[in-house]
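Colleague: I am new to this structure and would like to learn how to read its features one at a time. Could we go through them together, with the general idea ahead of the particular case?

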Amino acid sequence: MIKSLRGMNDILSEDYERFTYFIDTASAVAQKYGFHFIQTPLLEETSLFKRSVGESSDIVGKEMYQFIDKGENDVCLRPEGTAGVVRAFIQKKLDKAGGVHRFFYHGSMFRYERPQKGRLRQFHQFGVESFGIDSVYEDANMIMMVADILLACGIGYRLQINSLGDSNCMPTYRDNLVKFVTECKDEVCEDCIRRLDTNPIRVLDCKNDKCQTLYATAPKLINNLCDNCDSDFTKLKKILDDNNISYEIDTNLVRGLDYYSKTAFEFVSDDIGSQSAIAGGGRYDRLVEFLDGRPTPAVGFAMGIERLMELIKMPEPKKEGYYIGAMDEDTVDLVVSLAHKKRKTDKVTIDYKAKNFKNHIKGADKVNAKYFCIIGSNEVDSGTITLKDLENKTEQTLSLKEF
Ligand code: HAM
């Protein structure tokens, strides 16, 4: 039997209802914040991700579904959504046009990771990207939007925030950190030694306990911010306080993608096991420029839909639509025709087999139909039907024509 690939799941039935419920809810919130839908291809040039997510990141270094296509192009399945949206933004010359551009998207992402609970190789993100605003109010806006989406889905969370500084203060901090780690080089793990050459600040979120103990006394990013980054971070905290969004400051939150500067944030859940990050994002003011666009400030986030599906509190299913049943073989054709007409405006369930009342009622319950009627020779002779409202437990008699 052929099975789906490891870490790649089918989404159907009840799962699909959760999946679409989340996307509909999140899209409605994003639209309230003035964001517009954007769709970008699943396949992009590999260099797009190398130049944005970064060659030193695990995503680009180890996890890309990369191949040479029939035209000898080096391509890969997108491991995340931001890079493609930035490419589209530049390609459509919106960077040159100036102004504010806000997008939301959802779709499959691909990372060749080791699959486990909450960690897939094909997973789905809902994300937003905002271009053209360098104010920290927009950073707060992103965080408030995630909080609103989670609230609308009945999902609890912890919010972690940090500032990664900018091109003013980050280089000095990085040098100090490298000096610190070099002094204890003999005791840190091999990955951290490698990070010293590629992307030193990633040592801060090393999963090795011994490294973490050593770094407890390392210089902290938020104590080394320049005036501008420091005042933005203070302002961000105030906006969150003013809006009753509680947060923790995590000075080791550096994110796994290289394009961030200033605000970085992650939403985590304590109810889904070790893969606890349900959303992550931050500011990326240099990325448009890195991808050859006109310098444009930007900020965004993405949420992991599979992780959220476990947590969503679905509303009670509402009874809807019609169930029409045939009582004998002779009336099946009529039921099919009635359903065809009625489906112009309503959801209609029918069964191609003639059944008795009891079995049809079972069928109507199964699909949670609001209205129920059965058609037998009596109905055909009288030209009327009895329409039962299964929700309000009432009934009315209608002519077949009226129905
Ligand atoms: P990310 O933190 O790599 O950020 O991914 C965002 C979310 O996607 C994570 O918080 C997690 O919920 C989910 N996720 C990531 N990897 C997996 C996986 N293997 N299986 C299941 N879920 C996963 C980004 O991708 C950035 N593009 C976010 C962003 C947008 N930053 C600015 N704009």
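**Around the ligand**

Modeller: A polar side-chain atom of Glu 113 lies 2.6 Å from a nitrogen atom of the ligand, and please keep in mind throughout that this is a predicted model.

Colleague: Which atom of the ligand is 3.0 Å from an N or O atom in the side chain of Gln 125?

Modeller: An oxygen atom of the ligand is the partner of Gln 125 at that distance. The backbone can take part as well, since in Ala 279 a backbone N or O atom lies 3.5 Å from an oxygen atom of the ligand.

Colleague: How many residues are around the ligand, and which come nearest?

Modeller: There are 25 residues around the ligand, and those that come nearest are Glu 80, Glu 113, Glu 129, Tyr 260 and Ala 277. Glu 113 therefore appears twice in our reading, as one of these nearest residues and as the residue whose polar side-chain atom lies 2.6 Å from a ligand nitrogen, if we take a polar contact to be a pair of N or O atoms within 3.5 Å.

**Pocket**

Colleague: Turning to open spaces, how much space lies in the second largest pocket?

Modeller: The second largest pocket holds about 660 Å³ of space. Its lining is made up of 33 residues, of which Arg 174, Asp 258, Tyr 259, Tyr 260 and Ser 261 are the closest to its centre. Tyr 260 is thus on this list as well as among the residues that come nearest to the ligand.

Colleague: Which element gives the most to that lining, and how do the residues of the second largest pocket divide by class?

Modeller: Helix H2 (46-54) gives the most, with four residues, while helix H7 (170-183), H10, S9 and helix H11 (287-290) are the others that each supply at least two. By class, the lining of this pocket divides into 11 nonpolar, 10 polar and 12 charged residues.

**Cavities**

Colleague: How many cavities of 30 Å³ or more does the count come to?

Modeller: The count comes to three, and the largest of them has a volume of about 70 Å³. Its lining consists of Ser 56, Ser 57, Asp 58, Arg 194, Arg 195, Thr 198, Asn 199 and Arg 202, with no nonpolar, four polar and four charged residues. Helix H8 (residues 190-198) provides the largest share of that lining, three residues.

Colleague: What lines the second largest cavity?

Modeller: The second largest cavity, with about 40 Å³ of space, is lined by Ser 163, Cys 229, Asp 232, Phe 233, Lys 262 and Thr 263. Helix H10 (227-242) and strand S9 (261-268) each supply at least two of these residues, and H10 has the largest share, with three. This lining divides into two nonpolar, two polar and two charged residues.

**Cysteines and burial**

Colleague: Why does Cys 211 form no disulfide with Cys 189?

Modeller: A disulfide is a covalent bond between the sulfur atoms of two cysteines. The sulfur of Cys 211 is 3.7 Å from the closest cysteine sulfur, in Cys 189, which is too far for a bond because the cut-off is 2.5 Å. The count for the model comes to zero disulfides.

Colleague: Is Cys 211 buried or exposed?

Modeller: Cys 211 counts as buried at 1% relative accessibility, because buried means under 20%. Cys 373 is also buried, with a relative accessible area of 1%, and Val 60, which lies in helix H3 (residues 58-62), is buried at 10%.

Methods: Residues are numbered from 1 along each chain as its sequence is written. This is a predicted model: local features need pLDDT of at least 70, side-chain atom pairs count only at pLDDT 80 or more; totals for chains, interfaces and linings use all residues. Side-chain values use heavy atoms; hydrogens and water are left out. Buried means under 20% relative accessible area, exposed over 50%, partly exposed in between (1.4 Å probe, protein chains only). On a 1 Å grid over the protein atoms alone, a cavity is a set of points where a 1.4 Å probe fits but cannot get out, and a pocket is an open set with protein on both sides within 12 Å along at least five of seven lines; lining residues have an atom within 4 Å of a point. Grid points are joined across faces, edges and corners, and a volume is the space filled by probe spheres set on the points. Ala, Val, Leu, Ile, Met, Phe, Trp, Tyr, Cys and Pro count as nonpolar, Asp, Glu, Lys and Arg as charged, and the others, Gly among them, as polar. A residue is near a molecule or strand if one of its heavy atoms lies within 4 Å of it. A polar contact is a pair of N or O atoms within 3.5 Å; within protein, one must be able to donate a hydrogen and the other to accept it, and residues adjacent in sequence count only if both atoms are side-chain atoms.
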